[in-house]
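Here is a walk through a two-chain model, written for someone who already knows their way around a fold. Have the viewer open and follow along.

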Amino acid sequence: MIDLRGQVALVTGGTRGLGLALGQALAMQGMHIVVTHRWGSVSDLELNAAYSAAGLPPPLLKEADVINPDDTRELLDTIFERFGRLDIFISNVCIAGRGSDFDGLRFRDLRQSLDYSVWPTQQYLTQIEARFGKVPRVTIGMSSDGPDHYYPGYDYVAASKAALEALIAALAPEIGSKGGRIFGLRTRQVDTQSLAQIFSPEIHALLTQRFERFRVAATDMGDAAVALCGGLLDGLHGQVLCADKGAAFHDNFIATLPLWQELHT
Amino acid sequence: MSNAARFVVLTGTELLPMTTLAKALYAKQVQTIHLDAASLRESIEKLSSPPDALVVGLYGMHANVPDSITGAFNLIDAIRQCRDVSGCLPRYAIGIFPQSQEASLAAVSAAAGSLMRYVTSHMLYEDISINLIAYRDTALGLQRAADTTQALLSGLLDTVRGQTFVLTDD
């Protein structure tokens, strides 16, 4: 596996939940971590405390709205001046409204979801290449199994993740020709703040408590990200790594009937 | 990384890919290599401790249809033999095979992938990760397969179960 020490990773939306775990996992490999957030969602003190509690040096925290090119430019300038390199880019921001019923679906919600959760991956790559003269060695787009599974309220997230995975596949030849690798990293039911925001309290409890066995920890996703950054999975270029304990394939009316019967006895 | 596999058994009928895989994995990990899947049971019996990983070359899929489907079943046979002989399942089971443009072999590969996902569901409550690697039949493609195998055995990807890795060789 490639020695990641001294390399620089940028994690968008890296202050909480999955993004926090991804940054910490890479920091544990000796990488310098840069994380972004928006609108004062976290303070330096809070984030540094989280890293310190894990025995890690503090990351570089920058406020940057992923859809604002000026913010991105300023962010990349800072990274360039501070480190002179950017090796890993993890596109983790997903901002999407909660879908409702058929009549409640709104085009503007879909548009906003794609604007925040899909296009920044490509826009960042373009600006990174312009600023650093090359694409990152590894780019990872964080996805979920929503495109292939119906979850109530997940309409816009699912559409965004489907678009992101397709974008990754489509970008792969160009990224590969420039010496980079790009992957999707898929999971489900990671117990983070986002999960609680997307689903109702009842569904959240179902996923994180009753079916706790199939819950993937944020640290598991950190491990998977380390594996993708380490070079051994370069043959997976342009594809999606699915880290879900095999649960998604099993999750349907018929297959889960014995589980429900077990829960109700 | 503490979950990394320590004892790996490689089995398959093709010498070159299996030895390439063995070299690519850490030497101390590879406890035994077989070129004859039928002798797997006998060899596991001789091991000092149960293997925690099986890497199985599904090279029967190189043969002519309909015999090629036997290759797809070799992973299941190997897991069963390991369980029956050692009394426990390996934590990792990986089937590897070369990609093929030939229609019937591509169909058999798809059957193997679907079957493996069903096996994963059968074993959902067991501590075993089963995955397939379809590599391009070139030197770099084989190296990619070895790398991916090593990643799957590293302990970093224990949440990855039931996936077929269709690898590039660029």
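## A helix residue to start from

A:Ala169 is partly exposed, since 15 other C-beta atoms lie within 10 Å of its own. For the cut-offs, a residue is buried if 20 or more other C-beta atoms lie within 10 Å of its own, exposed if 12 or fewer, and partly exposed in between, with C-beta atoms placed from the backbone. You'll find A:Ala169 in helix H6 of chain A. Its C-alpha sits 8.3 Å from that of A:His237, although the two are 68 residues apart in sequence.

Before going on, some ground rules. This is a predicted model, where local features need pLDDT of at least 70 and side-chain atom pairs count only at pLDDT 80 or more, while totals for chains, interfaces and linings use all residues. Residues are numbered from 1 along each chain as its sequence is written, with chains lettered from A and ligands numbered from 1 in the order in which they are written. Helices (H or I, at least four residues) and strands (E, at least two) are DSSP runs, numbered from the N terminus.

## The two chains

Chain A has eleven helices and seven strands. Its radius of gyration is 18 Å, close to the 18 Å that the globule rule gives for 265 residues, so chain A is as compact as a globular protein of that length. That radius is taken over C-alpha atoms, and the rule is 2.2 Å times the number of residues to the power 0.38. Along the principal axes, the C-alpha atoms of chain A fill a box of roughly 60 × 40 × 40 Å.

Chain B holds five helices and six strands, and from the N terminus on its elements run β-α-β-α-β-α-β-α-β-α-β.

Here are both chains together; residues are in contact if their C-beta atoms, placed from the backbone, lie within 7 Å.

| Chain | Buried residues | Contacts 24 or more positions apart, among those with a separation of 6 or more |
|---|---|---|
| Chain A | 46% of 265 residues | 75% |
| Chain B | 48% of 170 residues | 69% |

## The sheet of chain A

In what order do the strands of the open sheet in chain A lie? The order of the seven strands is S3-S2-S1-S4-S5-S6-S7, with parallel pairing. Strands count as paired if DSSP finds at least two bridges between them. S3 (60–63) and S7 (240–242) of chain A stand at the edges with a single partner strand each, so one side of each is left without a neighbour in the sheet. On average, neighbouring strands are turned by 20 degrees against each other, direction ignored; the axes here are lines fitted to C-alpha atoms, for helices over the stretch in contact, and angles run from 0 to 180 degrees between N-to-C directions.

Out at S3(A), strand S2 (residues 32–37) of chain A runs parallel to it, joined by four bridges. There, A:His37 stands opposite A:Glu63.

Now look at strand S4 (residues 88–91) of chain A. Both of its faces are covered: A:Ile88 and A:Ile90 on one side, and A:Phe89 and A:Ser91 on the other, are all buried. Strand S1 (residues 8–11) of chain A runs parallel to S4(A) and is joined to it by three bridges, with A:Leu10 partnering A:Phe89. S4(A) also pairs in the parallel sense with S5 (residues 138–144) of chain A, over four bridges, and A:Ile88 stands opposite A:Val138 there.

A:Ile90 is a good residue to click on. Leaving aside neighbours within four places in sequence, its contacts include A:Ala9, A:Leu22, A:Ile140 and A:Ala225. A:Ile90 is also among the residues that touch the most other members of the largest nonpolar core, which has 114 residues. Such a core is a set of buried Ala, Val, Leu, Ile, Met, Phe, Trp, Tyr and Cys residues joined through C-beta atoms within 7 Å. Helix H6 (residues 155–177) of chain A gives the most to this core, with eight residues.

## Loops and the thinly covered helix

Helix H2 (residues 44–53) of chain A is hardly covered, with one buried residue among its ten. Just after H2(A), A:Gly55 takes a positive phi of about 75 degrees.

A:Lys245 has a phi near 60 degrees, positive in a residue other than glycine. Most residues other than glycine have a negative phi. A:Lys245 lies in the loop between S7 and helix H10 (247–250) of chain A, and it counts as buried because it has 23 C-beta neighbours inside 10 Å.

## Where the chains meet

The contact takes 22 residues from chain A and 21 residues from chain B. On the chain B side, helix H4 (103–122) and helix H5 (139–152) are the elements that give two or more residues, and H5(B) gives the most, with five.

Methods
Two residues are in contact if their C-beta atoms, placed from the backbone, lie within 7 Å.
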